[in-house]
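Biologist: I would like to learn how to read strands and cysteines in a model like this one. Could we go through them one at a time?

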Amino acid sequence: MHMPAPDATSLAQRDDLIAELTALLGPAAVIADQTGLEAYENDGLTAYAQKPMVAVLPADTAEVAAVMRICGRRGIRVVPRGAGTSLSGGALPLADGVLLGLGRFNRILDIDLDNRCAVVQPGVPNLAITTAVAAHGLYYAPDPSSQIACSIGGNVAENAGGVHCLKYGVTTNNILGLEVVLIDGSVVRLGGRHMDAGGYDLMGVLTGSEGLLGVVTEVTVRLLPRPETVRALLIGFPAVADAGACVARIIGAGIVPAGLEMMDRDAIHAAEAFCDAGYPLDVEALLIAELDGPGPEVEALIARVAGIARDCGASTLRESGSEAERQRFWAGRKAAFPAVGRISPDYYCMDGTIPRGRLPEMLEIITGLTRTYGLRCANVFHAGDGNLHPLILYDANAAGELDRAEAFGAEILKACVRLGGVLTGEHGVGIEKRDLMGEMFNDADLAHQQRLKCAFDPDGLLNPGKVFPTLHRCAELGRMHVHKGQLPHAHLPRF
């Protein structure tokens, strides 16, 4: 993994830059000592780390805009950071750049019950939104496993999903408005509290843009009413392929569960030991299927899903008898990532997506790769929408194991594309999948994507080194580059 080489001109400005930022924000909001910078040297992809040149913690949109103007004027690179839970290296800082932390943006600004939305700052944890509106019978639908910690701004940057996004959509389907600061310090408002925004879908462009286009400073989220009835089924299978076939049958029957998750034996045993969820330990695969809606509809759908599961060879089938039991079913799935951390010194969490019908084939490929690379793999899937999270187990202190884990992960992602899927479902590209983008996109595809970045960030200062395997100057992509106000070939007439 290679990041852009540090720019000597930027490094030479360090002392002056720190002085200017300190005058703007105050000394408490500017972190420049090496010990203090250690807290920002990596995100959830802990295999890679490097300290930023300086980290800043602005308190409001005006301060973010001022920081961006300073960096834009000086040609200093900027890496936005939320809670640091990214699993793709999206918040990995640059040695010659400013790490712009949004942890102080932690307030819910307004809860609008009439319009069923909330206006929140980007540092608000995902789960805090639902907690704040629960008394009104409302909730925020996207629920990543890290929802207790991950921030809503980071969710927007990565277009995060979660276990209930099969029915209710990912982040882009659940936000109504954004406030964004661009690299020149201008503040742009997109959408609002209304259902649809006119013109081009710029919110769609910004959502999932991984900090390459602007810095989100405010988010208006959609709130949904709690469903009348919610029930879950815990279904065990003697073979992983049977579980995969069951997923395809459920979706093929026109049933859209609120959530449809899958775990294999290693993940089941780790989760059960971690939180005593009541999972059966004599099965090779486990499905959690949740149905919600009006009571009679849920009863009918539960019966249909149970029938499909039995036809697919389910060996155990248990329906949640209470809300507490339903929550226990989900507790094990939500805790799968930390649970696996107890059975291996390190693990590499993958994120790819395939067509649902090819799930059994993909599982066979992963099984073969465990033998090829000599590493175990615990599988946790958003099975209903084909989003895979294989957890490759390794020991970073064992010579060569990290390299084997990364090669193993790359083969999984290549297989996803080969089977008609994509490189990422919700974790983003970051640095982790950057060099695999050529597996999915040709040079023309990537050039068009970079032209879009040029429209927002003509000097390439926002989060460079992420997403695109080859960096281009905007001039190389057909955009004229103006350096220090001087046009190239100034003697030629302009029209």
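Biologist: Which residues of strand 13 are buried on one side, and which on the other?

Modeller: Bear in mind that this is a predicted model. On one side of strand 13 the buried residues are Gly259, Glu261 and Met263, and on the other they are Leu260, Met262 and Asp264, so both faces are covered. The strand spans residues 259-264, and six of its six residues are buried.

Biologist: How many bridges join strand 13 to strand 14?

Modeller: Six bridges link them, and the two strands run antiparallel. Strand 14 covers residues 285-293. For one position to look at, take Leu260, whose bridge partner in strand 14 is Ala289.

Biologist: In what sense do strand 13 and strand 18 pair?

Modeller: They pair in the antiparallel sense, over two bridges. Strand 18 is made of residues 377-382. Here Met262 of strand 13 is the residue to find, as it stands opposite Phe381 in strand 18.

Biologist: Now the cysteines. What is a disulfide?

Modeller: A disulfide is a covalent bond between the sulfur atoms of two cysteines. To call one from coordinates, the sulfur atoms have to lie within 2.5 Å. By this rule the model has one disulfide.

Biologist: Which cysteines does the disulfide join?

Modeller: Cys454 is joined to Cys474, with an S to S distance of 2.1 Å. Cys454 sits in helix 17 (residues 443-456) and Cys474 in the segment after helix 17, so the bond ties together parts that are 20 residues apart in sequence.

Biologist: Why is this disulfide left-handed?

Modeller: Look at the torsion about the S-S bond of Cys454 and Cys474: the disulfide is left-handed because that torsion is about -100 degrees.

Biologist: Are Cys454 and Cys474 buried or exposed?

Modeller: Residues under 20% relative accessible area count as buried. Cys454 has 5%, so Cys454 is buried. Cys474 has 6%, so Cys474 is buried too.

Biologist: Why is there no bond between Cys312 and Cys246?

Modeller: The closest cysteine sulfur to that of Cys312 is in Cys246, but the distance is 4.5 Å, which is too far for a bond. Cys312 counts as buried, at 11% relative accessibility.

Biologist: What is the nearest cysteine sulfur to Cys349?

Modeller: That of Cys377, which is 9.8 Å away, and Cys349 is in no disulfide. Cys349 is buried, with a relative accessible area of 5%.

Definitions and conventions: Residues numbered from 1 in each chain as written. Predicted model: local features only at pLDDT ≥ 70, side-chain atom pairs only at ≥ 80, totals over all residues. Heavy atoms only, no water. Helix = DSSP H or I, 4+ residues; strand = E, 2+ residues; numbered from the N terminus. Buried < 20%, exposed > 50% of the residue type's maximum accessible area, 1.4 Å probe, protein only. Pairing = 2+ DSSP bridges.
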